[in-house]
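Trainee: Could we go through this chain together, beginning with how its strands are arranged and ending with one residue in a helix?

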Amino acid sequence: MNPLVPQKTGKGLFERPDQPDRSLPIAVISELRVDPTTTGAIVTATGIATRQGAYGAQLRPIVSEENAQNGVLAYTFRVIYPEDPTPQGPERSRTVTQAVTLSSQDLEGVRLIRVSGQQNAREVRRR
């Protein structure tokens with residue numbers, strides 16, 4: 001610590017407060033695909049939202065000791081719904097796809113990749 005440099009205390013004068021997490025697990029995971037690349041793999045998940053207008057899709061990692069010991073790489077597929085009511089609409093208009101890139105180091109020791117939604121989960125085993 002340098003006594004000449006002031007310590008950061010809280011937020012700056014013009015910084016906005018942190019927004020609460022409004023994301024929810026997507027209703028159904030309809031497809032899970034792992035495509036190998038030269039540097040690792042791309043995990044692509046497709047899900048069906050409960051209503052139209054879902055945005056801000058994320059494959060959020062689930063970190064746990066049990067998953068690490070069993071060679072499981074787990075994600076939750078999360079989306080944000082508009083605050084205003086939107087129609088349910090046809091399944092095609094509620095389909096959301098999200099992907100995450102993994103390096104060879106990320107995949108080291110991983111035998112199973114799982115993506116969970118609200119109603120189901122899909123898994124892909126690695127060879």
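The questions and answers below take up the strands and then a single residue.

Mentor: This is a predicted model, in which local features need pLDDT of at least 70, side-chain atom pairs count only at pLDDT 80 or more, and totals for chains, interfaces and linings use all residues. Residues are numbered from 1 along each chain as its sequence is written, and side-chain values use heavy atoms, with hydrogens and water left out.

Trainee: Which are the edge strands of the open sheet?

Mentor: Helices (H or I, at least four residues) and strands (E, at least two) are DSSP runs numbered from the N terminus, and two strands pair if DSSP finds at least two bridges between them. Three strands form the open sheet with antiparallel pairing, in the order 2-3-6. Those that pair on one side only are the edge strands, strand 2 (28–37) and strand 6 (95–103).

Trainee: Which residue in strand 3 stands opposite I29?

Mentor: Strand 2 and strand 3 (residues 40–48) run antiparallel and are joined by nine bridges. Opposite I29, in strand 3, stands G47.

Trainee: How many residues lie between strand 7 and strand 8 in their hairpin?

Mentor: Strand 7 (residues 112–116) pairs with strand 8 (residues 121–125) in the antiparallel sense over five bridges, and L112 has R125 as its bridge partner. In the hairpin that the two strands form, the number of residues between them is four.

Trainee: Is N67 buried or exposed?

Mentor: N67 lies in helix 1 (residues 65–70). Buried means under 20% relative accessible area, exposed over 50% and partly exposed in between, with a 1.4 Å probe and protein chains only. The relative accessible area of N67 is 13%, so N67 is buried.
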